[in-house]
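Please open the model in your viewer and keep the selection tool at hand. The stops below follow one another, and each says what to select and what is there.

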Amino acid sequence: MRLPNGYGSVIKLGGKRRKPWAVRITNGYKEDARGMQHQCFKYLEYFEKSKDAYAYLADYNAGHKVQEHVALTALPTFADIYEKWYDFKTSRNRKLAEPTIKNYQTAFRQLSELHHLKFRNIRLEDLQASVDRYKDKSASTINSIMTVLRGMYGYAMKYELAEKDYAALVTAEWTATKGNEHIPFTKEEIALLWDSQEEADVYVVLILIYTGLRMSEFLSLKTENIHLEERYFTGGMKTDAGTNRIVPIHERLVPFFEAHLDQSSTYFYPTPRGTAYDFNNFYAWRWKNLMSRYGMNHRPHDTRHTCATLMANAGINDFHRKLILGHAVNDITNRVYTHVATADLVTDINLI
């Protein structure tokens, strides 16, 4: 078939190829050693059948949008797409909380067997196998992995880096956590912790008990947000009510803050490298060892329930308890019109 000049051409390539029909267009000229001009070609796409190749070329010349061929070596990998999506997410005006960022990073590491694969070549069975590796884990672990996968595929589909949203087809399964109920520390256990306050990391448990902080909130507590003279700090996350709330410092905790507050450090409880601890690492290597050392069987969130129980037993009113813990206030009068002085919250927390 003779085609117009400058239209491009369809040729059949030699050898045993799955897609032998190539669509190409002229891409300039190159002069050889003898001064002869030779056409240079750009190959746009490859097809199994010639009719599909000619249809593609017709669409190309008509100005219709066509998918150009990209060499396998130039295709982005799973890791490349993650980096693009991660950069997009962290560049938005609405900043992500540090625990959210860490969850993304942890989920990405858990999908390590996909990192080197070309994203466009990944299929449902690849994703399903990766997710199924963790079906004996908790719902939160699976949810973090699925959040990353859905985000990556949403980004890839938006920018035409994927042909199909396989993340939407993955079946997510997890194992229900046994013993989901949270058990407050007993009076005897709290007394034992005070008796052992000089031992490594015991002060961390006591701070959690007497502030009601979530473990992730404590690990991300910044030095600049601690106002020791006024006996409070700002911190918190997860909900609108909990983010950057005022948390009073109990008078018995003051020596811990005085001893461990390092103004040159970004975080109150930093790693040896000066960064914030990862929750999972702290839980595995420090919390579990500490609980075992004192014969206790508690998870970090038990400290938050302990604080709520202690405040209720001390007669602290429900509104103030919600402010300290960062719970949503449903009473519109309290939520909108009531302003509580920091000193009042300090007075309250000292009652426990």
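Two strands are said to pair if DSSP finds at least two bridges between them, and the elements named here are DSSP runs numbered from the N terminus, helices being H or I runs of at least four residues and strands E runs of at least two. This is a predicted model, in which local features need pLDDT of at least 70 and side-chain atom pairs count only at pLDDT 80 or more, while totals for chains, interfaces and linings use all residues. Residues are numbered from 1 along each chain as its sequence is written, and side-chain values use heavy atoms, with hydrogens and water left out.

Select residues 232-235, which are strand β5, together with β4; the two pair in the antiparallel sense over two bridges. Within this pairing, His227 stands opposite Tyr232 of β5. Adding β6 completes an open, antiparallel sheet of three strands in the order β4-β5-β6, where β4 (226-227) and β6 (245-248) are the edge strands, each pairing on one side only.

Next, select the other open sheet, whose three strands run in the order β1-β2-β3 with antiparallel pairing. Here β1 (9-12) and β3 (37-47) each have a single partner strand, so one side of each is left without a neighbour in the sheet. Strand β2 (residues 21-31) pairs with β3 in the antiparallel sense over nine bridges, and the partner of Ile25 in β3 is Lys42.

Move on to helix α10, residues 279-293. Its 15 residues should span 21 Å at 1.5 Å a residue, and the end C-alpha atoms, 20 Å apart, agree with this; the expected span is 1.5 Å times one less than the number of residues. Centred on Trp287 is a kink of about 30°, the bend being the angle between axes fitted to the seven residues ending at a residue and the seven starting there. At the N-terminal end of α10, Asp278 acts as a cap, with a side-chain oxygen 3.1 Å from the backbone nitrogen of Asn280. After α10 comes Gly295, whose phi is positive, near 65°.

Which residues of α10 are buried? They are Phe282, Trp287, Leu290 and Met291, where buried means under 20% relative accessible area, exposed over 50% and partly exposed in between, with a 1.4 Å probe and protein chains only. These buried residues pack against α7 (202-211), α8 (215-219) and α11 (301-313), contact meaning heavy atoms within 4.5 Å.

Finally, select Ala168, in the loop between α5 (139-158) and α6 (187-195). Ala168 counts as exposed because its relative accessibility is 56%.

Notes
A polar contact is a pair of N or O atoms within 3.5 Å; within protein, one must be able to donate a hydrogen and the other to accept it, and residues adjacent in sequence count only if both atoms are side-chain atoms.
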